[in-house]
Structure formats: structure tokens, C-alpha cells
Amino acid sequence: MVKVLPVHFGTVKSFPKLDARFDLPAAKLTVSGFNRLPLSQKFPPLSLKVSATGEKISVLGDWTQESSLQFRDESPVSIELKSICSELEFDKAITDAEKRNEPVIIVWMANWCRNYIYLKPQLERLAADYYPRLQFYCIDVNMVPHKLVVRAGLAKMPAIQLWKDSKKQDEVIGLYKAYLVVNDVQKMIERELTGE
């Protein structure tokens, strides 16, 4: 079995079929030897997949249904948080979640907030983990009416709230390291989903 480099939407598990045009023994190919190769051998077409082993650097041929290439994970790595810009959009998000009988995650933030800047990519990866069971939204407190901020009971930012049945059920304040905040958010979600 040959290991391959990670792909944006997952990784390939194994492949027995290789494209012989780009089978280059790594031990025999020096840097200067690589520089003398024609461009077509240095840089294979984008439709080919590159893999590396201890002995060779090879390129996979096009993936086809007949290929013996195994399953590739197609789940997204991250999902952009949906933006809410008004009280009407907030009410719609909460109502839609209530109709599906699912909780919804609301991230209260400000674009200038350094903690949110560090936290956002990790929350987007967490959103991908729970997609499509759970929807994640973000609200910039500078862009919505103050009465919505008061209605949510927001005291500090960034705040990650879990809403269910049109009520705030739980909240995590993101004033510490991003990975710790994400762990607390994940625990909050799991408590709600398992009914603890």
C-alpha cells in the first residue's frame, strides 16, 4: 500500500495503478537531473494525483470507475459560518432550527476582535464535523440592532451560544486559547445532542 499526501477533501487510502510516464526513482534523480527534465515530466497535468513513498515519487493516473483506487472521504474540511445581519434573519434561523427540532450554534463576535480572528477557522472546522446535523451562524454585534444583543443576553465576546426551542440553552465565552474554546463548544454540543 502506498500513502498519499492529504487532499483538501480527505485523503486517498491506497492505489495499485500508477502512471509510468512519471515514475521517477527518487534515489537516482538529483536536483540537477530534475532541472534537466522537460516541463511535462517536472510538472504533471493537474488531472493527475501526486504521491510519495520512501523509494519513488510517482503520479497517479486519472481516477476512473474502472480504477482500483479506493474510497476517498468527500466530507468538507471546513464550512464558512453563515452570517446574520438583522433581527429578522436571526428569528428565521432560530425558527428553522426549531422546525427541524435541532439546536443551532450562534457565534457573537466583532470583526476587529483578535480572539474571534483566531477562533473562526477552528469553529469552521467544527461546523464541518457536525454538518448537516447542526447549523452554525455568526453575528457581528456592530451590524445588528442593540436590542438583539440584549435579547441574547450577551455580556462578553466572542460568545458561542447554543439555542434550541427558541431559547438560549448554553453558552461558551471565548476569552482563552482557541483550541480550549473549541473543546468547550464541542462538549456543549455533545451534551445537547446526547441529552445529558
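In the hairpin formed by S7 and S8, two residues lie between the strands, and aspartate 165 adopts a positive phi near 55°. The model is a predicted one, and this hairpin serves here as the point of entry to the rest of the structure.

The two arms of the hairpin are strand S7, covering residues 159-164, and S8; they pair in the antiparallel sense through six bridges. Two residue pairs illustrate the register. Lysine 164 stands opposite lysine 167 of S8, and tryptophan 163 has lysine 168 in S8 as its bridge partner.

The hairpin belongs to a wider arrangement. Five strands make up an open sheet with mixed pairing, and their order is S4-S6-S5-S7-S8. At the edges stand strand S4 (82-84) and S8, each of which pairs on one side only. From one strand to the next, the twist averages 30°.

The segment that leads into S7 also deserves attention. Lysine 156 is found in the loop between helix H5 (146-151) and S7. This lysine 156 is classed as partly exposed because its relative accessibility is 47%, a value between the limits of 20% and 50%. Along the chain, lysine 156 and isoleucine 173 are 17 residues apart, while their C-alpha atoms are separated by 6.8 Å.

Beyond S8 (167-173), the chain enters a loop that precedes helix H6 (178-194), and leucine 175 lies in this loop. With a relative accessibility of 44%, leucine 175 is likewise partly exposed. Leucine 175 also contributes to a nonpolar patch on the surface, formed by Leu175, Tyr176, Tyr179 and Leu180. Together these four residues have about 380 Å² of accessible area.

The cysteines remain to be considered. How many disulfides does the structure hold? The number is zero. For cysteine 138, the reason is one of distance: the closest cysteine sulfur, in cysteine 85, is 8.1 Å from the sulfur of cysteine 138, so the two are too far apart for a bond. A disulfide would require the pair of sulfur atoms to be within 2.5 Å.

Is cysteine 138 buried or exposed? Its relative accessibility is 8%, and cysteine 138 therefore counts as buried, since the limit for that class is under 20%. Cysteine 113 is buried as well, because its relative accessible area is 7%.

Terms used. Residues are numbered from 1 along each chain as its sequence is written. This is a predicted model: local features need pLDDT of at least 70, side-chain atom pairs count only at pLDDT 80 or more; totals for chains, interfaces and linings use all residues. Side-chain values use heavy atoms; hydrogens and water are left out. Buried means under 20% relative accessible area, exposed over 50%, partly exposed in between (1.4 Å probe, protein chains only). Patches are made of residues with over 30% relative accessible area and no salt bridge: like charges are joined within 9 Å, nonpolar side chains (Val, Leu, Ile, Met, Phe, Trp, Tyr) within 5 Å. Accessible areas come from the Shrake-Rupley method with a 1.4 Å probe; for residues, only the protein chains shown count as cover. A salt bridge is a side-chain nitrogen of Lys or Arg within 4 Å of a carboxyl oxygen of Asp or Glu. Helices (H or I, at least four residues) and strands (E, at least two) are DSSP runs, numbered from the N terminus. Two strands pair if DSSP finds at least two bridges between them. Axes are lines fitted to C-alpha atoms, for helices over the stretch in contact, and angles run from 0 to 180 degrees between N-to-C directions.
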